[in-house]
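Here are a few notes to read alongside the model, meant for someone opening it for the first time. Have a look around, then work through the points below.

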Amino acid sequence: MKPLKIIFSASECHPFAKSGGLADVVGTLPRYLKAAGHDVRIVMPRYASVDTTDFKPIGGPLGVPMGIIGEQWCGVLEGKLPGSEVPVYLIEHEVYFGWRDLYNDEEGVGYMDNDNRFVFLSRATMQLCKMLDFAPDILHSHDWHTAATALFLNTIYADDPHFKNCASVLTLHNMQHQGRFYNGLMNVLDVGWEHFNFREIEQFDQVNLLKAGITHATMLSTVSPTYAQELMTPEFGCELDSTLRTRAHDLVGILNGVDTDEWNPARDTLIAAHFSAKDLSGKAVCKKALQKEMNLPVRDVPVIGIISRLVNQKGFDVVAEAIGDLLQMDIQMVLLGSGEPWTHFFFGDIAALYPQKFACRIGYDHALSHRIEAGSDFFLMSSRFEPCGLNQMYSQIYGTLPIVHGVGGLEDTVSNYDESRGTGDGFKFYGLTAHNLINTVGWAVHTWYNHPEHLKKMRIQAMEKEFTWTRSAEAYVELYRTALHRRGV
Ligand code: ADP
Ligand code: GLC
């Protein structure tokens, strides 16, 4: 079959700009599509924090019509995803993207012009395809930030011969963020007010960019089979469940994979010692090194790691409620994260109160995240909802058993401990309450102390799991072909 021309449009991409797992996916999936022979390219903003050493400017300035704001001009820098031949285009516009942080100011408040910033990125994606003379088969957008590309394809560019054979795919990584803005944004989108209706863009009299993408994309995907079902329910659909139900036949759940070049305990250059399922001795070295680094007593106790955005989605209010009881157990906890200001104070205070048991690093630290995965015995994810989740998979690869709330991708990737046989690759609970969390951590800790033979077996079972992107990339190609078919191409 003929190779496809695919354009990825996204607000983040590892290693250039990252706030969470979206960046991991956008920075990895294209490598696998490229390896399968497809011509895939990535468009993203050039935030001030992006290292552009290996990029060079191309073309003249790119004109991007922004409706009532008028045409905006931007620079385009071209580079590659490191270690690959995947082209990456950075959209350079000082006013929109001249900030270091992706979405928020220093106080954690979203930038005032996030609406225009990402409508601009979406429209720039369309214009760039034309400037490069790259006629894509597939326009693949991610989350609300670039969902408007699907709307543009069906409206402004509907009769443009450049996009004649193009279908669109929108991947939903997170329904909680939808890009809901004042309806005046219609004048910037410039697709015509007739599209401001409940079936397309309008919700509660506002523009909802994610909704626009959901209604206009040729096909939809999300990042795990369970979340694909969940998001069509009122509990998880964040008020778009009914819209999604109308597209149930066009929605698939494809589990994210892991970039095993980056996450591999046998080769990881960021950890104290290497280890593998065949020889776990290096993991003990990593554990001691982690305890030392985090100023915890170097003792043989279960260490529970947490690496996360500290936001409502991840259930830290429940961890906060449970923490007093958790720290009654003979354990140590290591937390790395940043997010809602209350969490910084709260967990900072807990670390000051329990210096022997609880260590906390507020901030973003890529290298430390590897050392926590390698040095912990368990990894806690109390997510209220989790479209896929990557850290539970990274944990398993590092022989660190996840303790998780069984929702979304956590349900799909963690199989529960069976104490009669000593099998499983993690510990799961259902119902996000402090009581259930404490009980399940207690269960894991009890197993650590009383059934070390089960723990070892589980670690090996976890480490031997396959999380390759190859299979998921194949599923995406199948989705692209379905989209083209639906489009009659
Ligand atoms: P989400 O995208 O919802 O945040 P995922 O589990 O899919 O959740 O991905 C989170 C990614 O971000 C992982 O690669 C994780 O290691 C990383 N991460 C989150 N917070 C931090 C942090 N404070 N420091 C380093 N890495 C972090
Ligand atoms: C989102 C989700 C997370 C998922 C990631 C990558 O940020 O919260 O569960 O793993 O996107 O798809």
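Which element gives the largest share of the shell around ligand 1?

1. That would be β13, with three residues. Keep in mind as you read that this is a predicted model. At least two shell residues also come from each of α1 (21–35), β14 (332–339) and α13 (391–397), and β13 itself spans 303–310.

2. Now zoom out to the domains. Domain 1 (5–257 + 469–486) and domain 2 (281–463) each put at least three residues into the shell around ligand 1.

3. As for who sits there, 20 residues surround ligand 1, and the ones that come nearest are Gly-21, Asp-24, Arg-309, Lys-314 and Gly-363. By type, the shell is made up of nine polar, six charged and five nonpolar residues.

4. Some polar atoms are worth clicking on. Gly-21 has a polar backbone atom 2.5 Å from an oxygen atom of ligand 1, and a polar backbone atom of Leu-390 lies 2.8 Å from an oxygen atom of the ligand. Lys-18 uses its side chain instead: a polar atom there is 2.9 Å from a ligand oxygen. On its own, ligand 1 has 560 Å² of accessible area, and the protein covers 93% of that.

5. Moving on to the rings, the structure has 27 aromatic pairs. One of them joins Trp-342 and Phe-346, edge-to-face, with 6.0 Å from centre to centre and 65° between the planes. Both residues belong to helix α11 (residues 341–353), where they are four residues apart, or about one turn of the helix. Trp-342 is partly exposed at 35% relative accessible area, and Phe-346 is also partly exposed, at 27%.

6. Why does the pair of Phe-347 and Phe-358 count as stacked? The ring planes are at 20°, with the centres 6.0 Å apart, so the pair is stacked; the cut-off for that label is under 30 degrees. Phe-347 is in helix α11 while Phe-358 is in strand β15 (residues 358–362), so this pair ties together parts eleven residues apart in sequence.

7. Are Phe-347 and Phe-358 buried or exposed? Phe-347 is buried, with 0% relative accessible area, and Phe-358 is buried too, at 2%.

8. Last stop: a single aromatic cluster is formed by Tyr-47, Tyr-96, Phe-97, Tyr-103, Phe-118, Phe-120, Trp-144 and Phe-181. Try selecting these residues together in the viewer.

Conventions. Residues are numbered from 1 along each chain as its sequence is written. Chains are lettered from A and ligands numbered from 1 in the order in which they are written. This is a predicted model: local features need pLDDT of at least 70, side-chain atom pairs count only at pLDDT 80 or more; totals for chains, interfaces and linings use all residues. Side-chain values use heavy atoms; hydrogens and water are left out. A residue is near a molecule or strand if one of its heavy atoms lies within 4 Å of it. A polar contact is a pair of N or O atoms within 3.5 Å; within protein, one must be able to donate a hydrogen and the other to accept it, and residues adjacent in sequence count only if both atoms are side-chain atoms. Accessible areas come from the Shrake-Rupley method with a 1.4 Å probe; for residues, only the protein chains shown count as cover. Ala, Val, Leu, Ile, Met, Phe, Trp, Tyr, Cys and Pro count as nonpolar, Asp, Glu, Lys and Arg as charged, and the others, Gly among them, as polar. Domain bounds come from an automatic or database domain assignment. Rings of Phe, Tyr and Trp (its six-membered ring) pair if their centres lie within 6.5 Å; planes under 30 degrees apart count as stacked, over 60 as edge-to-face and the rest as tilted. Buried means under 20% relative accessible area, exposed over 50%, partly exposed in between (1.4 Å probe, protein chains only).
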